[in-house]
Each structure stands twice: as structure tokens, then as C-alpha cells.
Amino acid sequence: MTNALIDDLNWRGLLYQQTDEEGMAEVLDREKISLYCGVDPTADSMHIGHIVPLLTLRRFQLHGHRPILLVGGATGMIGDPSGRNEERQLQSTEQIDRNVDSIKKQMEQIFDFQTENGAKMVNNRDWIGGMSVIEFLRDFGKLISVNYMLAKDSVASRLEGGISFTEFSYTLIQAIDFNHLYNEYNCRVQIGGSDQWGNITSGLEVIRKTHEEEAKAFGITIPLVTKADGTKFGKTAGGAVWLDAKKTSPYEFYQFWINTADADVVKYLKIFTFLERQEIEALEKSVETEAHLRKAQTVLAEEMTKLIHGEEALADAQRITKALFSGDLKSLSADEMKAAFKDVPSVELAKQAKPIVDLIVDSKVSPSKRQAREDITNGAISINGEKIRDLEYVVDEKDRLDDEFAIVRRGKKKYHMIHFV
């Protein structure tokens with residue numbers, strides 16, 4: 001039996017493992033269901049690697065199903081051993097609470113909460129936080145054998161190096177989540193990344209053992225997103241690509257997507273955007289026949305920036321991109337320049353007046369005073385978007401943006417940031 005939604009997920013490459021493919025397709029054809037995905041608040045922002053299961057959950061919502069978004073206020077205090085070689089550093093309750101609040105705001109960007117099948121947000125500390133050790137051991141500890149847990153990849157991979165009982169118990173606590181949501185909201189499906197298979201199947205085992213009638217729950221995992229060249233997806237020279245605009249500005253976010261390689265862009269359009277198949281196939285043809293226009297990358301960057309940061313932030317990111325391409329830096333604010341040139345070569349110089357020739361040699365923009373004078377005379381040097389042709393020009397407070405930095409350009413594309421201290 002096939003299902004239109006499942007067919008679409010398969011086409012997009014979003015299905016890795018399913019516990020009962022036929023059974024779930026049958027349920028989806030027959031009724032609208034509730035299903036969930038969990039995120040542990042181990043940081044105060046999600047990054048783009050976190051959102052693939054969430055975007056998949058959003059696809060279910062667009063087909064009339066109801067998403068339940070679980071933020072792990074309890075499990076986040078323990079640490080999921082999946083995909084880790086060492087114990088996670090435990091965080092305070094206050095930090096976890098701050099992280100929960102931040103992640104909730106990011107969830108609200110992705111999901112619709114107002115419609116008939118509006119998303120529901122839950123925190124597993126609400127049902128696990130008050131559970132006593134005795135309740136945990138008697139009601140749930142008896143349901144799963146140690147042998148069963150040792151067979152899980154997330155546990156087995158850590159046995160040689162050591163795993164604490166805290167992280168060993170994680171899979172059972174997440175299983176309690178699935179069981180709770182099944183009971184309270186008739187939640188039938190859990191979605192997670194490929195590293196969550198063991199946790200999801202533990203949940204199904206607990207549901208099976210705590211219900212007399214035949215429980216019909218299912219699990220789906222999403223493949224790990226990789227790049228065609230084998231390097232890790234979602235990382236830049238500056239680190240992870242965060243959803244929080246303070247950690248990764250909308251401009252940087254936009255640039256990450258627009259710099260996607262031709263070999264990856266169609267795959268990412270399928271995984272991350274909600275464009276229809278016909279639109280993606282047209283963009284795929286564009287990559288094959290007119291790759292230099294980078295239409296697919298532009299659409300990918302626009303769709304993702306709009307989804308996570310909104311229309312206004314997208315417009316700002318496009319404006320900054322256009323200004324940098326044309327060299328018209330004067331149209332940018334100091335904050336926009338700081339974001340745009342965050343990763344260019346930089347140097348610290350004393351906050352004092354300095355002749356232009358000395359400044360560009362000291363900041364290594366030009367290799368020598370002779371070359372510096374030649375560059376200035378030829379009109380190759382700009383400060384904050386203003387060409388400097390005067391060899392006697394003195395750089396002082398009038399050239400310091402926010403009294404702390406300046407952007408020097410040599411030629412068309414060689415930028416340096418000078419921090420004045």
C-alpha cells in the first residue's frame with residue numbers, strides 16, 4: 001500500500017528506517033494522527049542539523065496531521081549517549097530552562113499553532129520531573145531488560161570507553177515520553193534522526209508492554225544529511241550554523257545556503273524546502289544546463305532564510321549581498337558590515353591617527369610601502385566603501401565605525417577588518 005505523503009518523503013530522500021511501513025501507510029490513509037519529534041535543550045539554540053526531523057514533521061502537518069513538539073526539559077538534564085564518545089557536561093536547571101524558552105521560539109518559526117491541526121508543544125519535565133526513583137524502577141525499569149539496552153548501538157558503542165548509569169538510562173526515559181504521549185494524545189508516530197532508532201524502538205517496546213490491547217504505534221528515522229564531498233553538513237569555518245540570529249546572522253545564514261555546491265543543491269532543496277516536486281525538478285534542470293546562474297542556490301537560500309528568520313531578514317540579507325557584490329559598502333550599517341566581514345582576515349591596531357600608507361602596511365593589506373603607495377594612487381584602496389587616492393590621507397576617528405573597526409578593501413574582492421583597540 002502506498003500513501004501520497006510517504007511517496008513524497010521517499011522522493012525527497014527523507015525515510016531511512018520504518019518500524020512498519022505498510023501498517024503506517026494504512027493508518028495515514030485511514031485517519032489523521034498525532035506524531036512527535038523531540039529536541040533536547042542542551043544549547044540555547046538549535047542548529048540546521050537539528051531541523052531535518054522537524055521539517056519532516058511539518059510536512060505531516062501540511063497533510064492534515066497534528067505535530068507534537070517535545071522539548072526535553074528532563075532528558076536534556078541527562079544527556080543522550082547517541083552519537084557521542086564521551087559523557088555530556090551536565091547543565092543547571094536554570095540554564096536548561098533558558099534553553100527551553102529559546103528553542104520554543106525557534107519552533108514557532110517552523111510550525112503552525114493556530115489551525116485545527118495546530119502544533120502542540122510539551123516539555124517532558126512535566127511528567128518525568130516529579131517521578132520518584134521507586135516509581136521509575138517499578139513502573140518502567142522492569143519493562144526493559146539490561147540485555148535489550150546493551151544491544152542498542154548508542155550504548156554498545158560506549159561500553160569500552162565507559163558510560164554512566166545516567167546516560168545508560170536515557171533510552172528508557174525517552175521511551176517513557178513516547179508512552180506518555182501515546183496515552184495522553186493518542187500519538188502514534190515518533191520521528192527522529194538516524195541515531196535515534198534505538199530510542200524510538202525502546203519507546204515502542206514500552207508501549208507494547210503497558211497496553212493490554214494491540215498498540216499501534218510506529219517509528220521513522222531520517223537519514224543523516226551529508227555533503228557530496230564527504231565533509232560534514234552544517235559546519236562552516238566559524239562553526240555550526242545556528243538558527244539564533246545572534247549566533248549566526250541572517251546574512252551569514254543566507255550565505256551558507258547560497259554557497260551550496262552544485263552537487264548538493266538539489267538534494268538540499270528536497271530535504272529542507274517545501275517547494276513542489278515540479279519546481280525542484282525545474283531547478284535541477286537549471287543546475288545541469290546553466291549552473292553559472294546559481295538559480296537553485298538562490299532559491300534555496302531565499303526559502304531557508306525566509307522560513308527561519310522571516311521576510312524582513314531575508315530582504316536585509318539580500319541587500320547586504322548586493323552591496324558587497326557591487327562594492328557599495330556605504331549603504332550598509334556598522335552592524336551589517338560587522339556581520340558581513342566576520343570571517344575576513346583581521347588585525348588589531350592601536351586607536352590612534354595613522355597615515356593611510358602606514359595603516360595598510362601594518363594591517364598587511366599591502367606588502368610594502370612602495371606597493372601601498374602604488375595601490376592608493378591606482379584607486380585600489382577603499383576604507384568603509386570610500387576610495388582613497390590621497391597619499392597623505394590620515395585614518396582617524398572619522399573612519400572608525402562604532403569607534404571600533406574599519407573595513408579596508410584592496411582591489412575588487414580582497415577585504416580586511418581592522419579592529420582598533
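Reader: Quick one: is Leu 159 buried, partly exposed or exposed?
Author: Partly exposed, because its relative accessibility is 43%, and that class runs between 20% and 50%. Keep in mind that this is a predicted model.

Reader: Where does Leu 159 lie?
Author: In the loop between α8 (153-156) and α9 (165-168).

Reader: And which residues form a nonpolar patch with it?
Author: Val 146 and Leu 150. Together with Leu 159, they have about 240 Å² of accessible area on the surface.

Reader: Switching to helices. How many residues of α10 are buried?
Author: 12 of the 16, so α10 is largely enclosed by the rest of the structure. The buried ones include Tyr 170, Leu 172, Phe 178 and Tyr 182.

Reader: What should helix α10 span, and how far apart are its ends?
Author: It covers residues 170-185, and at 1.5 Å a residue it should span 22 Å. The end C-alpha atoms are 22 Å apart, which agrees.

Reader: What follows α10?
Author: Asn 186, whose phi is positive, near 50 degrees.

Reader: Now α11: mostly covered or not?
Author: Mostly covered, with 10 of its 13 residues buried. Among them are Gly 198, Asn 199, Leu 204, Glu 205 and Ile 207.

Reader: What covers the buried residues of α11?
Author: The cover includes the helices α6 (133-141), α7 (146-150) and α10, along with the strands β5 (187-193) and β6 (218-222).

Reader: And what about the span of helix α11?
Author: For residues 197-209, the expected span at 1.5 Å a residue is 18 Å. Its end C-alpha atoms are 18 Å apart, so the two agree.

Technical notes. Residues numbered from 1 in each chain as written. Predicted model: local features only at pLDDT ≥ 70, side-chain atom pairs only at ≥ 80, totals over all residues. Heavy atoms only, no water. Helix = DSSP H or I, 4+ residues; strand = E, 2+ residues; numbered from the N terminus. Expected span 1.5 Å × (residues − 1). Buried < 20%, exposed > 50% of the residue type's maximum accessible area, 1.4 Å probe, protein only. Contact = heavy atoms within 4.5 Å. Patch = residues over 30% accessible without salt bridge, like charges linked within 9 Å, V, L, I, M, F, W, Y side chains within 5 Å. Areas by Shrake-Rupley, 256 points an atom, 1.4 Å probe, with all protein chains shown as cover. Salt bridge = Lys/Arg side-chain N within 4 Å of Asp/Glu carboxyl O.
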